[in-house]
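Colleague: I am new to this structure and would be grateful for a guided introduction. May I put some questions to you?

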Amino acid sequence: MKPSHTLAVVDYGSGNLRSVWQAACHAAADTDWRVVLTRDPAVVAQAARIVLPGQGAMADCMRQLHESGLHEAVLQAARSKPLFGVCVGMQMLLEHSEEGGGTPALGLLPGCVRRFALDGQRQPDGSRFKIPQMGWNRVYRPQEHAEHPMWAGIADGSWYYFVHSYYAQLQQPEHCAGQADYGGWFTAAVAHENLFATQFHPEKSADQGIALYRNFLHWQP
């Protein structure tokens, strides 16, 4: 199989990797794409497309990325080829997170990661907002990204599955490719040049999630 037809899911020790890999494999079925789950920086360097998952605490994910030896390979990939960040993998694209007293991130997009501040707020049914947000929520696309190729064939306002206590606060609003409402609007997806990432988990989001992975295989940024 040619390296140009390899999609690499980066395995730096974060959780939920296998479900991401399985969803990507499902999306690649009946195509000439090979999906690999890899800890090898050389494989990341040779792959045509990269998926950067993430789950848990930002500080742990960044530490594991450094210790795995994959940090520089991911940075280089993000500068030169399509990269799809998932959950904390999206947050890692920003400059830093306030989690853990402050954690430097990859610095690929200007902005920071903040914790939901929902104390005292109530949902329409009268219940209190819970942190983390855990469950299904609808994602809406801003006008400037309404026709982004990653959303091809996916209805605006589709439901996706979230598990997170922190959200991306972007310095440049044009990088927001999707938003959801949880006690106020927050960034649910980002897009800039060859980068696309989601706060939600496509691999846990049924057909509309698989559609995103499938679109990623064909996206030509």
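The questions and answers below go from the whole chain to single residues.

Colleague: What radius of gyration does the chain have, set against that of a compact globule?

Modeller: The model is a predicted one. Its C-alpha trace spans about 55 × 40 × 30 Å along the principal axes. For 221 residues, a compact globule would have a radius of gyration near 17 Å, and the chain agrees with this, at 16 Å.

Colleague: How many helices and strands are there in the chain, and what percentage of its residues is buried?

Modeller: The chain holds six helices and 13 strands. Among contacts between residues at least 6 apart in sequence, 71% join residues at least 24 apart. As for burial, the buried share of the 221 residues is 53%.

Colleague: Which strands are joined to β4 by bridges, and how do they run?

Modeller: Strand β3 (residues 49-52) is joined to β4 by three bridges, and the two run parallel; here Leu-52 stands opposite Gly-85. Strand β13 (residues 195-198) is joined to β4 by four bridges, and there Val-86 has Thr-198 as its bridge partner. The strands asked for are β3, which runs parallel to β4, and β13, which also runs parallel to β4.

Colleague: Are the residues of β4 buried or exposed?

Modeller: Strand β4 covers residues 83-86, and its residues point two ways. Leu-83 and Gly-85 point one way, whereas Phe-84 and Val-86 point the other way. On both sides the finding is that all are buried.

Colleague: What covers the buried residues of helix α4?

Modeller: Helix α4 spans residues 71-80, and its buried residues are His-71, Ala-73, Val-74, Leu-75, Ala-77 and Ala-78. In an α-helix, residues three or four places apart point the same way, because there are 3.6 residues a turn. The cover over the buried residues of α4 includes β1 (6-10), α2 (41-46), β3, α3 (58-67), β4 and β13.

Colleague: Which residues touch the most other members of the largest nonpolar core?

Modeller: This core has 74 residues, and its largest share, six residues, comes from helix α6 (residues 206-218). Trp-151 has contacts with residues more than four places away in sequence, among them Val-139, Tyr-160, Ala-189, Phe-196 and Leu-212. The residues that touch the most other core members are Trp-151 and Phe-196.

Colleague: Is Ala-191 buried or exposed?

Modeller: Ala-191 belongs to strand β12. Leaving out residues up to four places away in sequence, Ala-191 touches His-145, His-148, Glu-174, His-175, Ala-177 and Phe-196. Ala-191 and His-145 are 46 residues apart in sequence, yet 8.2 Å apart in space from C-alpha to C-alpha. The relative accessibility of Ala-191 is 4%, which means that it counts as buried.

Colleague: How many residues apart in sequence are the parts tied together by the pair of Tyr-140 and Trp-185?

Modeller: The whole structure has 16 aromatic pairs. One of them, Tyr-140 with Trp-185, is edge-to-face, with 6.0 Å from centre to centre and 80 degrees between the planes. Tyr-140 lies in the loop between β8 (133-139) and β9 (158-164), and Trp-185 in strand β12 (residues 185-192), so the pair ties together parts 45 residues apart.

Colleague: Which partner of that pair is exposed, and which is partly exposed?

Modeller: Tyr-140 has a relative accessible area of 29%, and for Trp-185 the value is 54%. An exposed residue needs over 50%. Tyr-140 is therefore partly exposed, and Trp-185 is exposed.

Colleague: Over which ring does the charged end of Arg-49 sit?

Modeller: The distance from the charged end to the ring centre is 5.9 Å. A charge has to be within 6 Å of the centre to count as sitting over a ring. The ring in question is that of Phe-216.

Colleague: Where is the cis peptide bond that leads to Pro-132?

Modeller: Pro-132 has its place in the loop between β7 (111-115) and β8. Omega is near 10 degrees for the cis bond, which runs from Ile-131 to Pro-132.

Colleague: Is Asp-30, with its positive phi, buried or exposed?

Modeller: Asp-30 is a residue other than glycine, and its phi is near 65 degrees. Asp-30 lies in the loop between α1 (17-28) and β2 (34-38). Because its relative accessibility is 85%, Asp-30 counts as exposed.

Technical notes:
Residues numbered from 1 in each chain as written. Predicted model: local features only at pLDDT ≥ 70, side-chain atom pairs only at ≥ 80, totals over all residues. Heavy atoms only, no water. Buried < 20%, exposed > 50% of the residue type's maximum accessible area, 1.4 Å probe, protein only. Pairing = 2+ DSSP bridges. Phe/Tyr/Trp six-rings, centres within 6.5 Å; stacked < 30°, edge-to-face > 60°. Lys NZ or Arg CZ within 6 Å of the ring centre and 35° of its normal. Core = buried A, V, L, I, M, F, W, Y, C linked by side-chain atoms within 4.5 Å. Contact = heavy atoms within 4.5 Å. Rg over C-alpha atoms; globule rule 2.2 N^0.38 Å.
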